[in-house]
Each structure stands twice: as structure tokens, then as C-alpha cells.
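Hi everyone, thanks for coming. I'll put the structure up, and then we'll walk through a few spots together.

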Amino acid sequence: MRYSEDLIEEIRQRNDIVDVISGYVKLTRKGSSYFGLCPFHNEKSPSFSVSPDKQMYYCFGCGAGGNVYTFIMEYENFTFTEAVKFLAERAGVQLPVQEYSKEAKEQADLKTQLLMIHKLAAKFYFYQLKDKAGEQAYHYLRGRELSDETIVKFGLGYSAKFSDSLYRYIKGKGYTDDVLSKSGLFQADEKRGMYDKFWNRVMFPIMDVSSRVIGFGGRVMGDGKPKYLNSPETLIFDKSRNLYGLNIARTARKKNLIICEGYMDVIAMHQAGFDNAVASLGTALTAQQANLIKRYSNEVLLLYDSDEAGQKAALRAIPLLRAAGVSARVIDLSPYKDPDEFIKEAGAGAFQERLENGRNGFMFQVMIDSRGFDMKDPQGQSDFFHSVAKMLLEFEDEIERTSYLEAVAREYQVKPDMLQRLVGRLALKGAGVPRTEPPKSGQHRRQEKESGYELSQKLLLTWLVTYPGIFEEVIEWISPEDFTTPLYHTVAGMLYEQHQNGEVNPARLLNAFSDSEEQKSVAAVFNARFPLQDDAQRTQALWDVICRMLENSIAYRTEHLDPADMKGLMKIMEDKKKLEDLKGRKVQLHISFD
């Protein structure tokens, strides 16, 4: 059940956005807005703006933006409902009790119970580590040079040699066998009944981004098999959608995340000061994990082991990260096997140098690819460059593709124009999408027009919320139907409705979008930059925008007109006359920018 719009708006109004964000970001007033360093990307100069008038924030560096709900969702990794509850509690607003279907309530209750069982298990394992029975495990961790502080920070523990000790403890808390069987912490058979999944292992609690324990990894003490054992997937644990250590790394606010292979790599790196390290959970990196990473960073450093398996893991990860919009660099750890060994042998300073000199992900792919060809043989070289040309076709952006093409040409001593022609020929043969040829002049002009029309729509929406006084003049010429970009059309309709009801309130409008990515896109609509010095310049710019939007709207409606729609045809003819009058200056705009 979604809370009522009025209640959501009341909660938003009672949480001033400047006050809320000031609790997370140091803000300084500049003019009518406040500025600070963006908490969502690494920057040295403040580009993060908070507007008390609009009750919105926007970063001109990375594009993050929205209202107070968006900020809490993004910063705390909350759902919209969780953000509403958080801000309601902050403002002292009592929320109504939500009614759930029987199935939804049972599911929610089970999830709550499973989270509590895992919390109890983590405490139990931690206690066991400090008990006499856990001496071997404790000495193992200390032998790996982990401090007591680090052990506490990651909640490390020990599962005893008795195969039912955790079961007896949790069962004593009143949980049924049916619920315990769904936790993933226990197994059952007819002979033994219910017993612990983990025993005689060092235990690594796996936490979600909100630091709730959702699963465990266990490293066996001795020679037992398997060496590492992980929780199965449950209602609360999906290993393909979580990353070990992300609950801590996301608060590091560094410019990148470091992906390692295992628990101990992450823990050792955090102890050495590299607190932006995470690890996939016993699997190769997944597309879901890549998308999760994108929420916190645009760049990843891949620190897989320096053996062949580590190289293959990096090669699998790079295209997944690229598809999610995350750039990757590969760190060479040789002659050391993993980050833990590197830091212990060479020190944190040398390790930092390696991080700063990581190899670009695509160039790493090319380097590994080159090893499959005899580069001393002319045919081998030819085959290699054909292979690279196919890889270059994966880049849709021509500037990006050209940059990589030139980098490959420099490193492998081939003329850039020759490689460019090869890419073009392969594209034409169907080896990839033919993107190397420059666009036809007519097509290019159409793309520029489309871009210009979108900018005009965005500018007008920004001005309507910044200068509500222009609304009365604008609605004489422009209606929501004239916004031909789908998102802008939706937002314009909502904004015009607000105006009819006597209040232009962009922050309230954002409440209708519960997805943080949608809110970010809408926030960008209201933050187009266009420096205007005085009312005369603003009036001229507004005239240009109205003319351009009418022109685009007429062309769009003409192209999609049903021949039998006489009413639509008459409206097009009427708007053409209006456009002619505007362009011929037969009418003047009377604008108030107060």
C-alpha cells in the first residue's frame, strides 16, 4: 500500500531539504542556493546545489538530483517507502498502519524473522570466537595479522565443532523448524533431524548495504572440504545482487570501488586503509552486481588474483561493468598472488602506487587478446588487428571509439588510418553496426534539431519553476502536448495542473516518482543551465524557445496526423498562424520574471 499523496507531501514539507542535507554535507550559502561537495561522486570544487525555494538538490557535476526523498533514498540506499518512514520519524509524523494481504504479511513476517535469526547467529558466532572453543579460529585470524578492531568491525566469528550448537541456541529463542529450515543456516535428514550447516569454521557475516546480516561465509579449520562454504540463496540473500563489504565501502566516498576475490582480501585491504574494497560472493561478477556498483561509483579497480583464473575473471567483469556505465582498470599484482600478500610484503605505499597505475580495462582486453597471436608473423599480426577491430566496434560513441583506436595504434605500432579503414570495412560486412562512417548531412542536421528541441523543452520547464510569473504568458502559446519528449510531456502535464490549482511545486511533483532514477531524471529537467543577465535577455530567450517548440510540435503532429482527424488538422493550421505571428513579431511577449 502506498501512503496518500497528501501525507507524503506533509512529510516532505516538514523536512526542510537544506536542514536534512546539512546533516550529511557541509553547505555554504551562495546567493539563493546552498553549495557543497557532492556526496555521490568525488570532486574538489563544490558543484552540489541545494535550493530552499524549489526544495530540491542538483549536482552539476554528476547529475544527481531530486527532492528530500530522493536524497535519503540515494544516500541511505532506502526504498521510497523506507525513506517516507525515515523522514516521518524525523519530523514526528505518525504514519497510519498499513494493511497487507495475507500473503504479503506472511512474506514480510518471514523476512523479518530470517533477518533476526541471522542477527542472532552472528552474535552467537562472535561469542564462540572469543570462547575457549574458538581459540584455534582466533589464532588463525591473528596469524593472518588481523587486529581485534578489524575482527570486531567485520563481526568475524566461529562455528563450533558440535554440529547442532547454533540450532539449539536459535531454537531456544522460540523459532519453529519450518522457519529455521528457510534461513539457510540449517540442514535436516531423517536420521539426525535438524543440524547446523556451518561447523568448525571461521565465520564471515555477509551484510547488505544497510548492514543487516543476510548470510554467511565459512572458512574451514583444518583440512576439511570445501575450504569455503557459503549460505544458500534465501528470501533475504541473493549472492548475485550483493557484494561483500559494500555496506562499509559505500561510506568511504572515494572516487572508485576496488573489487577483490575473497573475504580476507577485502578485510586486509580495509585494515590497511583501503576501505573502498568489496568482493563478489564466491561467483564471477554479475550484471546485477555491476548495476549495484554503478549506484556508488563510476569507476572500478579490478584486483583479481594474478594467475590465469584471475585474468579470466577480469575479462568477464570488464564488459559487464562497461554495459552498466562503469569504467574499469585492472591492477597488476605480480609478483604477488593477491592484495593481502602484496600489502604484507611490499607495504601500503607500494600498493597505492599500483592502484594509481592500473591498466585501462579495454587495453587490458587487447593485451590478453594479443597473446593468442604470433605477433612476429605477418599473418598473426593481421589476424590480431582484425580481432581488435571487432572489439572496437563495441563502442557506440564515435569519440570514445576513436580514442581507443588511436591508443591501440600507438601501443601496437600500426597506422591509425589503416586501423580505422579496417574497422569501417568490418562494419560494412556486418561484423558490427556500421558506425564509423560520418552521418549524412541531412541525418546529422535532424539529430542536431532533435537535440535542440529537447533542450528547448528542458529550458522552458526550468524557467516555469524558477519564474512562475511567466506561466500566464507561456500557456497562451505552449500546452503540455507541445512537449514531444515523453518524460518532458509527462512532467509538463503535471506542472500545468499544479499551476491551474494555484501552486507550482516541483518538489511535490517529484513525489509521484518513487524510483530514484526517475526522480534524478526529473530533477535534471528543472535544472537546465542558461545564463541570463536581465529581463530583456530572458524575454528574447523565451521567445526563441517558444518558437522552436511550436515549430517542433507542428512538425511532430503533422507527421503523426490521422488523415480523418479534421479537428487535429485545424489545430495545426491555427498553430502555424500563431508561429508566423510570433516569428514576424506581430505579437510581443509581456513577461514578468518576478
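Before the first stop, one bit of vocabulary: a helix axis here is a line fitted to the C-alpha atoms over the stretch in contact, and the angle between two axes runs from 0 to 180 degrees between their N-to-C directions. Also keep in mind that what you see is a predicted model.

Okay, helix pairs. Take helix α11, residues 263-271, and helix α14, residues 339-346: their axes come within 8 Å and cross at roughly 35°. Who does the touching? On the α11 side we have Asp265, Ala268 and Met269, and on the α14 side Pro339, Asp340 and Ile343. Sort the residues of that contact by class and you get four nonpolar, no polar and two charged.

Now scroll along to α17, residues 378-392, and α18, residues 398-412. These axes come within 10 Å, and the crossing angle is roughly 160°. How do the two helices run relative to each other? Angles over 145 degrees count as roughly antiparallel, so that is what we call α17 and α18. Their crossing is right-handed, too. In this contact, α17 brings Phe384, Phe385, Val388 and Leu392, while α18 brings Arg401, Tyr404, Leu405, Val408 and Tyr412. By class that makes eight nonpolar residues, no polar ones and one charged.

Next up, aromatic rings. How many aromatic pairs are there? The count comes to 28. One of them is Tyr69 with Phe80, a tilted pair, with 5.3 Å from centre to centre and 55° between the planes. Tyr69 belongs to helix α3, residues 68-76, and Phe80 to helix α4, residues 80-91, with the two residues eleven apart.

Let's look at some loops. Going from Lys225 to Pro226, the peptide bond is cis, with omega near -5°. You'll find Pro226 in the loop between β10 and β11. There's also a cis bond from Ser334 to Pro335, where omega is near 10°. Pro335 sits in the loop between β15 and α14, and α14 is the helix we met crossing α11. Then there's Gln55, with phi near 55°, a positive value in a residue that isn't glycine. That residue is in the loop between β3 and β4.

Last stop: His499, in helix α22, residues 486-500. Which side chain does it join in a polar contact? That would be Glu472, at 2.8 Å. Setting aside neighbours within four places in sequence, His499 also touches Phe471, Ile475 and Val504, among its contacts.

That's my tour. Any questions?

Technical notes. Residues are numbered from 1 along each chain as its sequence is written. This is a predicted model: local features need pLDDT of at least 70, side-chain atom pairs count only at pLDDT 80 or more; totals for chains, interfaces and linings use all residues. Side-chain values use heavy atoms; hydrogens and water are left out. Helices (H or I, at least four residues) and strands (E, at least two) are DSSP runs, numbered from the N terminus. A polar contact is a pair of N or O atoms within 3.5 Å; within protein, one must be able to donate a hydrogen and the other to accept it, and residues adjacent in sequence count only if both atoms are side-chain atoms. Contact means heavy atoms within 4.5 Å. Ala, Val, Leu, Ile, Met, Phe, Trp, Tyr, Cys and Pro count as nonpolar, Asp, Glu, Lys and Arg as charged, and the others, Gly among them, as polar. Angles under 35 degrees count as roughly parallel, over 145 as roughly antiparallel, 65 to 115 as roughly perpendicular and the rest as oblique. A crossing is left-handed if the near helix is turned anticlockwise from the far one by less than a right angle, and right-handed if clockwise. Rings of Phe, Tyr and Trp (its six-membered ring) pair if their centres lie within 6.5 Å; planes under 30 degrees apart count as stacked, over 60 as edge-to-face and the rest as tilted.
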